[in-house]
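Please walk me through this structure, from its overall make-up to the packing of its helices and aromatic rings.

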Amino acid sequence: MKHKQNQPKSQSTHTQTAIKTIVSAAALLAVAGPALAQGDASGYPNRPVTVVTAFAVGSGPDAVLRIVGEKLAQRWKQGVTVDNRPGGGGFVAIEYARRAKPDGYTLLQLDSEHISALPYLYKNKNFNTLSHFDPVAPLFLTPFFVAVPTNSQWKNMGDLIKSAKAEPGKISYGSWGVGSPGHLGGEWLDYLTGSKMTHVPYREVSQLFTSVANGDPTWSFASLPSSQGIYKSGKIRYLAVAAPKRIAQMPDVPTVAEAGGPAELDVNSFVSLLSPKGVDAALRDKIRTDVVAVLQDPQVREKFSTFAFQPMSFTVPEMQQFAKKKSEQYKLLIEKAQISLD
């Protein structure tokens with residue numbers, strides 16, 4: 001007959017206590033694990049934050065990002081470093097940031113073209129930006145103007161469209177690169193009006209507007225900061241702003257609809273901050289809340305105003321919806337015009 005060997009009572013009690021402790025610790029880690037791995041919102045940030053940007057030093061997006069970073073550093077009591085990695089159509093910055101942990105300590109500044117146009121411009125890369133990054137916080141919206149030489153015969157958008165439809169392929173418009181908002185905006189105007197214009201890409205923005213001032217190409221889209229110098233010299237003028245309403249910095253410039261063009265022609269670029277995929281929702285919401293608060297700062301708003309950048313307060317779902325709408329539009333235009341950067 002086999003006898004069951006019992007442990008001494010004190011040893012059994014210690015063993016049970018140890019097991020309970022291990023189980024409790026495991027449960028705690030199960031709950032806290034994601035927060036520990038991806039960043040604890042309540043204690044964020046407890047070390048410096050890096051914002052990688054696809055824009056060059058001295059550009060408008062870089063300039064406003066730096067003042068936003070300064071204000072965030074004051075709010076967070078931690079350093080915020082801007083890491084400029086331009087080039088490769090945005091892929092230099094994207095590939096660098098993609099390797100970081102989704103813990104809130106590496107963020108990425110991109111525009112809506114990096115997010116919504118890249119998958120269609122670089123089909124062979126099979127890359128979808130939002131498959132690798134989560135939208136975190138809005139920054140600003142950039143409106144674009146229709147710029148022509150000062151001595152252009154066109155007085156409004158109706159004149160431009162009439163000429164484009166009368167001479168298919170003969171009217172040229174410039175942009176700062178294939179797949180840029182200036183290029184896709186021109187394709188959008190063609191689509192809406194049934195015209196057919198010829199796109200002329202430039203490497204340098206300054207060269208683009210010098211050429212527009214000389215009448216070749218005959219027009220281009222232009223952001224306020226990139227074209228104000230030559231505008232103030234009297235060499236170009238704006239027919240319209242491709243936006244639903246007039247811009248405060250240029251109140252005398254009509255909208256496209258007011259100038260005889262299609263009201264649907266809304267050409268803009270939206271710049272935001274993203275995180276590598278998998279950021280904790282609470283952490284994401286904290287960063288967004290802090291960024292939106294900083295965007296209300298008078299010094300920040302003054303800086304944004306000098307570039308005609310419109311501070312935005314989009315929620316994450318609104319940013320996702322904006323990106324989806326842009327993606328659908330860009331897919332249509334890129335495939336119709338057979339544009340490729342592969």
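Helices here are DSSP runs of H or I with at least four residues, strands are runs of E with at least two, and both are numbered from the N terminus. On that basis the chain has 13 helices and eleven strands. The model is a predicted one. The chain has 342 residues, and 50% of them count as buried. Among contacts between residues at least 6 apart in sequence, 79% join residues at least 24 apart.

The buried nonpolar residues can be taken next. The largest nonpolar core has 31 residues, and Val68, Leu139, Leu273, Val291 and Phe304 have the most contacts inside it. Both strands and helices feed this core: β1 (49-53), β2 (80-84), β4 (133-143) and β10 (268-276) each supply at least two residues, and so do α2 (60-76), α11 (281-294) and α12 (298-306). Helix α2 gives the most, with seven residues. Separate from this is a second core of 23 residues, which includes Leu189, Met197, Val256 and Leu265.

One helix pair shows how elements pack against each other. Two packed helices are described by the angle between their axes and the distance between the axes. For helix α8 (residues 181-193) and helix α13 (residues 316-337), the axes come within 10 Å and cross at roughly 80 degrees. Angles of 65 to 115 degrees count as roughly perpendicular, and α8 and α13 are therefore roughly perpendicular to each other. On the α8 side the contact is made by Leu184, Glu187, Trp188 and Tyr191. On the α13 side it is made by Gln329, Tyr330, Leu332, Leu333, Ile334, Lys336 and Ala337.

The aromatic rings come last. The structure holds 16 aromatic pairs. One of them joins Trp219 and Phe221, whose ring centres are 5.1 Å apart and whose planes are at 75 degrees, an edge-to-face arrangement. Both Trp219 and Phe221 are buried. Elsewhere, Phe140, Phe304, Phe307 and Phe309 form one aromatic cluster. Phe304 has already appeared among the residues with the most contacts inside the largest nonpolar core.

Two rings also have a charged residue over them. The charged end of Arg47 sits over the ring of Tyr105, 3.7 Å from its centre. Lys125 lies over the face of Phe91, at 4.8 Å from the ring centre.

Key:
Residues numbered from 1 in each chain as written. Predicted model: local features only at pLDDT ≥ 70, side-chain atom pairs only at ≥ 80, totals over all residues. Heavy atoms only, no water. Phe/Tyr/Trp six-rings, centres within 6.5 Å; stacked < 30°, edge-to-face > 60°. Buried < 20%, exposed > 50% of the residue type's maximum accessible area, 1.4 Å probe, protein only. Lys NZ or Arg CZ within 6 Å of the ring centre and 35° of its normal. Core = buried A, V, L, I, M, F, W, Y, C linked by side-chain atoms within 4.5 Å. Axes fitted to C-alpha atoms, helices over the stretch in contact; angles between N-to-C directions. Parallel < 35°, antiparallel > 145°, perpendicular 65-115°, else oblique. Contact = heavy atoms within 4.5 Å.
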